[in-house]
Amino acid sequence: TSFNAKGLFMKIVIIAILLLFTLLVAVEQGHAEVALYEAEIDSLAMVKDDPDALGGQYVMDKREFRPVFRKKISKPNASAKIWVRYRGTALQLKSINADGKREEKAWIWDKPTEWQWKTFGPYEPDELGENFEIIVGKGAEGNAGLDAVVVSEDEGFDPDSVGDWDSIQKL
């Protein structure tokens with residue numbers, strides 16, 4: 001039998017295209033479990049400009065124990081973490097059930113001077129309620145505020161490793 005180089009080359013090209021397509025689908029599915037919320041879009045507080053914030057803005061209420069962000073979320077299919085990008089203030093996560101009853105979930109007490117990601121959770125789907133809100137704590141410092149919120153069912157998700165935030169689903 002004779003060796004058909006052209007046929008072999010075409011098979012290799014087809015396999016490479018299929019592998020690339022499979023890889024792209026896998027990457028896209030990984031991001032499907034992650035949703036980014038810009039805090040200023042659903043703000044319950046003053047919106048401030050900052051070129052270092054995602055989207056160029058963040059939110060803050062200098063009054064203590066006030067909600068700065070509230071969002072209705074679709075029930076996650078698996079346990080989910082709620083990531084917050086913030087600085088200069090303690091934050092609290094509360095769930096809100098269908099009757100409007102609020103339940104304290106957790107606090108983040110750190111008050112970093114630079115934008116930083118921290119996580120609440122993970123929480124099971126029935127623990128999050130119909131809505132959730134982020135409350136600012138006592139003693140906000142300097143240009144404190146909330147920049148962004150990410151809800152992720154992906155256990156391995158790390159917002160510090162995201163190179164292109166445009167690839168994350170914004171809600």
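**Exercise 1. Decide whether F65 in this predicted model is buried, partly exposed or exposed, and describe its surroundings.**

Solution. Begin with the accessibility: F65 has a relative accessibility of 47%, and since buried means under 20% and exposed means over 50%, F65 counts as partly exposed. Next, locate the residue in the chain, where F65 lies in the loop between strand 3 and strand 4. Finally, look at the backbone: phi of F65 is near 60 degrees, which is a positive value in a residue other than glycine.

**Exercise 2. Work out how the rings of F65 and W107 are arranged, and then follow the aromatic contacts onward from W107.**

Solution. The structure holds six aromatic pairs, and F65 with W107 forms an aromatic pair whose ring centres are 6.2 Å apart and whose planes stand at 85 degrees. An angle over 60 degrees counts as edge-to-face, so the pair of F65 and W107 is edge-to-face. This pair links distant parts of the chain, because F65 sits in the loop between strand 3 (57-60) and strand 4 (67-72) while W107 belongs to strand 7 (residues 102-108), 42 residues apart.

The step onward from W107 leads to W109, with 4.5 Å from centre to centre and 15 degrees between the planes, an aromatic pair that is stacked. W109 itself is exposed, with a relative accessible area of 58%.

**Exercise 3. Find which other aromatic residues form one cluster, and which charged residue lies over the face of Y58.**

Solution. One aromatic cluster is formed by Y37, F69 and F132. Turning to Y58, the residue that lies over the face of its ring is R87, at 5.0 Å from the ring centre.

**Exercise 4. Establish where E133 is placed, whether it is buried or exposed, and which side chains it meets through polar contacts.**

Solution. First, place the residue: E133 is in strand 9 (residues 131-136). Second, consider its accessibility: with a relative accessible area of 2%, E133 is buried. Third, examine its polar partners, where the side chain of E133 is joined to that of R70 by a polar contact of 2.8 Å, and a polar contact of 2.8 Å also joins the side chains of E133 and R102. Leaving aside neighbours within four places in sequence, the residues in contact with E133 include P67, F69, Q92, L93, K94 and I96.

**Exercise 5. Explain why strand 1 is described as largely enclosed, and identify the strand to which it is joined.**

Solution. Count the buried residues: five of the five residues of strand 1 (residues 34-38) are buried, so this strand is largely enclosed by the rest of the structure. Then compare its two faces, with V34, L36 and E38 on one side and A35 and Y37 on the other, and note that both faces are covered. Strand 1 is joined to strand 10 (residues 145-152) by five bridges, and the two run antiparallel; within this arrangement, L36 stands opposite V150 in strand 10.

**Exercise 6. Locate the cis peptide bond, and then describe the protein as a whole.**

Solution. The cis peptide bond joins G121 and P122, with omega at about 20 degrees, and P122 has its place in strand 8 (residues 116-123). For the whole protein, there are one helix and 11 strands, and 39% of the 171 residues count as buried. Among contacts between residues at least 6 apart in sequence, 75% join residues at least 24 apart. The protein exposes about 9,900 Å², of which carbon and sulfur atoms supply 54%.

How values were computed:
Residues numbered from 1 in each chain as written. Predicted model: local features only at pLDDT ≥ 70, side-chain atom pairs only at ≥ 80, totals over all residues. Heavy atoms only, no water. Phe/Tyr/Trp six-rings, centres within 6.5 Å; stacked < 30°, edge-to-face > 60°. Helix = DSSP H or I, 4+ residues; strand = E, 2+ residues; numbered from the N terminus. Buried < 20%, exposed > 50% of the residue type's maximum accessible area, 1.4 Å probe, protein only. Lys NZ or Arg CZ within 6 Å of the ring centre and 35° of its normal. Contact = heavy atoms within 4.5 Å. Areas by Shrake-Rupley, 256 points an atom, 1.4 Å probe, with all protein chains shown as cover. Polar contact = N/O pair within 3.5 Å; in protein donor to acceptor, adjacent residues only side chain to side chain. Pairing = 2+ DSSP bridges.
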